Amino acid sequence: MTADPAPRSAPAEGPQAATGLFVTFEGGDGVGKTTQAALLEEWLTDAGRTVVRTREPGGTEVGVLIRDIVLHHRGEVAPRAEALLYAADRAHHIETLVRPALSRGEVVIQDRYLDSSVAYQGAGRVLGRDEVRDLSLWATEGLLPDVTVLLDLDPAAARARLDADDKPFDRLEAEKEHFHARVRAEFLSLADAEPDRFLVLDASRPADELAAAVRERVQTLLG
Ligand code: TYD
């Protein structure tokens, strides 16, 4: 639970205003979000906190079905359809899983959220930042994270990590270098626009150093 009882969601009068802590991890593919989310979960759980660790797309049963379409459909998915699918996943996920956990005072650690839509669909697919952001805010009744950890890494270095994993690329991962360069630039610009919400970390640093920086910020928010 946050020290400050004021809801951090916008609009503040939205249903089930949050009282827990909402932490999201963002960044390109292969930057190490999952590792950092797991380390944070372990630390908070050891400290006796109740943690819900989740992700988008695919944090619910409905979301798993949507994830399969957006990531594994063979062939084209129109950019606006793709944006709506991510927003649909998000709407269901926030209403049925995230808001209830936050209203119970729990810590939600989430791999990707609306900033991914703005970066991938807004900048990557060139749909436009404001439209895509507004769509997500409509879908979630305005819920914003308390803190968003942006793991920033040169797309070429991230790609080398994915290659080393030896897993087949999904639809988004398979996009060309300039797509991922636009995604990275958009994430950084989002972080510039909201410096209080974002913690930007150089993802080429060792995992334990990154984890310590994340813990420090979360600790401050938990009071
Ligand atoms: P992710 O779950 O991080 O992939 P993986 O588990 O395979 O590492 O994300 C899946 C992909 O979906 C990723 O390439 C980014 C993309 N994505 C969007 O394009 N828009 C969105 O709103 C979200 C949440 C993800």
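1. A polar contact here is a pair of N or O atoms within 3.5 Å. With that cut-off, Gln121 makes such a contact with the ligand, because one of its polar side-chain atoms lies 2.8 Å from a nitrogen atom of the ligand. The model is a predicted one, and the values below are computed from it.

2. Two other side chains approach oxygen atoms of the ligand. For Ser117, the distance from a polar side-chain atom to a ligand oxygen is 2.6 Å. For Asp29, a polar side-chain atom is found 2.7 Å from an oxygen atom of the ligand. The protein covers 89% of the accessible area of the ligand, which on its own has 560 Å².

3. The shell around the ligand has 16 residues, and those that come nearest are Asp29, Arg90, Arg112, Ser117 and Gln121. By class, the shell holds eight charged residues, five nonpolar and three polar. As for location, the ligand sits in the largest pocket.

4. Which helices each supply at least two residues of the shell? They are H2 (61–72), H3 (79–103) and H4 (114–124). Helix H4 gives the most, with four residues.

5. Arg112 deserves a check of its backbone. Its phi is positive, about 75°, although the residue is not a glycine. Arg112 lies in the loop that runs between strand S3 (107–111) and H4. Is this residue buried or exposed? Arg112 counts as buried, because its relative accessibility is 12% and the limit for buried is under 20%. Arg112 is also one of the residues that come nearest to the ligand.

6. Val126 is another residue other than glycine with a positive phi, in this case near 60°. Its place is the loop between H4 and helix H5 (129–139). Val126 is exposed, with 61% relative accessible area, whereas Arg112 is buried at 12%.

7. The peptide bond from Glu56 to Pro57 should be noted when the model is prepared for further work: the bond is cis, with omega near -5°. Pro57 belongs to the loop between strand S2 (51–55) and H2, and H2 in turn is among the helices that supply at least two residues of the ligand shell.

8. Thr148 is part of strand S4, residues 147–152. Its relative accessibility is 0%, so Thr148 counts as buried. What does its side chain contact? The side chain of Thr148 makes a polar contact of 2.9 Å with the side chain of Thr24.

9. Leu201 is in strand S5, which spans residues 198–202. With a relative accessible area of 5%, Leu201 is buried. Its C-alpha atom is separated by 27 Å from that of Asp89, and the two residues are 112 apart along the chain.

10. Ala207 is found in helix H8, residues 207–222. At 35% relative accessibility, Ala207 counts as partly exposed, because this class lies between the 20% limit for buried and the 50% limit for exposed. Ala207 and Thr35 are 172 residues apart in sequence, while their C-alpha atoms are 7.9 Å apart in space.

Conventions:
Residues numbered from 1 in each chain as written. Predicted model: local features only at pLDDT ≥ 70, side-chain atom pairs only at ≥ 80, totals over all residues. Heavy atoms only, no water. Near = heavy atom within 4 Å. Polar contact = N/O pair within 3.5 Å; in protein donor to acceptor, adjacent residues only side chain to side chain. Areas by Shrake-Rupley, 256 points an atom, 1.4 Å probe, with all protein chains shown as cover. 1 Å grid on protein atoms, 1.4 Å probe; cavity = no way out; pocket = protein on both sides within 12 Å on 5 of 7 lines; lining within 4 Å. Sits in = over half its atoms within 2 Å of the grid points. Nonpolar A, V, L, I, M, F, W, Y, C, P; charged D, E, K, R; others polar. Buried < 20%, exposed > 50% of the residue type's maximum accessible area, 1.4 Å probe, protein only.
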